[in-house]
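Visitor: Please pick a single part of this chain and give me a close look at it, following its contacts outward step by step. I would like to know how the pieces around it are tied together.

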Amino acid sequence: MTTRSSDGEPACPVPAGLPRLYGPTPDTGRDSLWDELRERHGPVAAVELEPGVRVWLLLGYHENLTVLQSPHLFSRDTRRWREVVEGRVEPSATRPALSWRPNALYADDAEHTRLRAPIVAALSRVDMAATAREVRRIADDLIDAFIADGEADLIGGFADPLPVLVLNRLYGLPDGYGHMLGDLTRVVFGDDARRAGEAVVRTQQYFAGLVARKRRSPGNDLASWMLEHANGLTDHEVAHQAALINNAGHQPTTHLIGNTMHTLLTDERIRAAHADARLSVRELLDHVMWTDTPFQVLPARFALQDVRIGNAEVRTGDALLIGFDPAHRDPAVRRGREETGVVSGARAHLMFGAGPHACPARELARMIAATGVSALHERLAGLRPAMDPVLLRRVPSPFVRGLAALPVEFTPGAPRPRPAPAADPFPAADSGQEPRTGSDDPLGRLFAWWRSLRR
Ligand code: HEM
């Protein structure tokens, strides 16, 4: 990589015929597109993210790693994107991945450290053993809801709600609030822009209300721990970091579970190795994070100066997309398979990022996904796809790589007998109790609104 100073020339117009990242995801995924781009352009290619919006896509493993680890050359702050600076792109609430927010993910340098430290400190206080039991309880509750039917959609009925219910518990709230947050998050990331706008506002109300509650009566939970951190974040800032934890944690965990179940259902060799304990669930997750990345592409980094990467002349303010999926298909690091069928050295995947923004919740994410996959494996006997896997539809997104639904069949079973309520592993002031709806509690009012819609 070589750098040079900007000469201030205007941005290049979008050349006709650039490969598109928008539009429906082909049901076979985009693997052949990555290979084609690499063949034609080398490790970095220009693509169209939206009609008329040109960005660089990093295809090489080493180029991705270099950009992630060079914060002095590449910013995470979307306001530095030349398309935004020059008014050609309007980042709006309905483009969550591209809109700037006052949270750690969109901050650089000292501001990033100030906002990230309370997140890292709060996550380090999570009792992993108690949380693993809670994840299993939530997973079992979700399975109980469909086990008698002998059929289910493993995305809508399991992989999608599980992470958000867990995160909601880590905020010290009863499950009802988690179902509300899950509904809102689904609409935010759905394809109805009008409803998404409203859901964004309601989600902000959830986190502002959560922080107001925890300020009044702190508990043993992520929000309370961030509030008491020495960096002294305001309530508004804590609400934004709490929202970041949900936004950053939900979808990748959902699709890690979904893609892992898809691999188990469709790859006979992997299924056999897992079934006879030659392949642990954790090794299986690493294999999937190499071969079927829950995020194929991550937006974005913005060049702080002119720089040459591979054969691309990147200009100050250009956007570069992190290509996780293309990086893992890079022939420079292409791996062989072990006797179990897993990719050898799969732990070198880039799926949790690298550099200053690397995921601070790797262990938690692995534990949630491993617990979820094990619960399905243990409880659903005779699990099989309910439709031809080649007909499965993918999430229509340039970023997410996952299934919109994963219909399965299995031998019908019985829900677990309801256990007596156990001691709450998250003894927050109000956890496990009926939500409060008083006028001094905006979170309770939001919950009352949501419940009224479901009646
Ligand atoms: C399989 C699941 C997950 C994957 C693959 C994943 C991946 C990532 C990646 C790639 C980044 C870096 C983004 C960038 O460099 O721009 C990131 C950041 C982050 N992740 Fe995760 N993540 C997962 C689960 C979670 C969970 C469960 C949580 C929270 C409990 C979480 C919280 C965060 C936060 C707060 C950041 C921002 C860090 C910063 O900007 O300093 N992630 N994650």
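Guide: What follows is a walk through one region of a predicted model, beginning at a helix and moving outward along its contacts.

The starting point is helix α5, which covers residues 128-144. Ahead of it, in the loop between α4 (109-124) and α5, R125 forms a salt bridge with E228, and the closest N and O atoms of the two lie 2.8 Å apart. This pair links distant parts of the chain, since E228 sits in the loop between α10 (222-227) and α11 (235-266), 103 residues away. R125 has a relative accessible area of 40% and therefore counts as partly exposed.

Within α5 itself, R137 meets D175 in a salt bridge, with 2.7 Å from N to O. Here too the partners belong to distant parts of the chain: D175 belongs to helix α8 (residues 175-188), and the two residues are 38 apart. Both ends of this contact are partly exposed, R137 at 25% relative accessibility and D175 at 21%. The cut-off matters for reading that last value, because a residue counts as buried only under 20% relative accessible area.

A further salt bridge, between E363 and R282, takes the walk to another pair of helices, with N and O 3.2 Å apart. E363 lies in helix α15 and R282 in helix α13 (residues 281-291), so this contact ties together parts that are 81 residues apart in sequence. E363 is partly exposed at 43%, and R282 is likewise partly exposed, at 33%. Turning back to R137 and D175, these two also belong to one network of salt bridges with shared partners, whose other members are E134, R136, D140, D141, D144, R169, E378, R379 and R416. In the structure as a whole there are 42 salt bridges.

One member of that network, R169, also appears among the buried residues of helix α7. That helix spans residues 161-170 and is mostly covered, with 10 of its 10 residues buried. The buried set includes nonpolar residues such as L162, V164 and L165, and N168 is in it as well. Just after α7 the backbone passes through G172, which takes a positive phi of about 80°.

Beyond α5, the contacts turn from charged to aromatic. The whole structure holds 7 aromatic pairs, and F146 with F410 is one of them, a tilted pair with 6.1 Å from centre to centre and 55° between the planes. F146 lies in the loop between α5 and β5, whereas F410 lies in the loop between β11 and α16 (442-454), so the pair ties together parts that are 264 residues apart in sequence. Both rings are buried, F146 at 7% relative accessibility and F410 at 2%. Elsewhere, ring pairs link Y171, Y206 and F207 into a cluster.

The loops that carry these two rings are flanked by β5 and β11, and both strands belong to an open sheet of 3 strands, ordered β5-β11-β10 with antiparallel pairing. β5 (151-153) and β10 stand at the edges with a single partner strand each, so one side of each has no neighbour in the sheet. Between β10 and β11 there are 2 bridges, and P385 has V408 in β11 as its bridge partner.

The segment joining β10 (384-385) to β11 (407-409) is a loop, and V390 lies in it. V390 is exposed, because its relative accessibility is 62%, and with M387 and L391 it forms a nonpolar patch on the surface that has about 270 Å² of accessible area together.

The last stop returns to α15, the helix that holds E363. In the loop between α14 (324-328) and α15 (362-379) lies C359, whose SG atom is the single protein donor to the iron atom of the ligand, at 2.4 Å.

Methods:
Residues numbered from 1 in each chain as written. Predicted model: local features only at pLDDT ≥ 70, side-chain atom pairs only at ≥ 80, totals over all residues. Heavy atoms only, no water. Patch = residues over 30% accessible without salt bridge, like charges linked within 9 Å, V, L, I, M, F, W, Y side chains within 5 Å. Areas by Shrake-Rupley, 256 points an atom, 1.4 Å probe, with all protein chains shown as cover. Salt bridge = Lys/Arg side-chain N within 4 Å of Asp/Glu carboxyl O. Helix = DSSP H or I, 4+ residues; strand = E, 2+ residues; numbered from the N terminus. Buried < 20%, exposed > 50% of the residue type's maximum accessible area, 1.4 Å probe, protein only. Donors = N, O, S within 2.8 Å, 3.2 Å for Na, K, Ca; no water. Pairing = 2+ DSSP bridges. Phe/Tyr/Trp six-rings, centres within 6.5 Å; stacked < 30°, edge-to-face > 60°.
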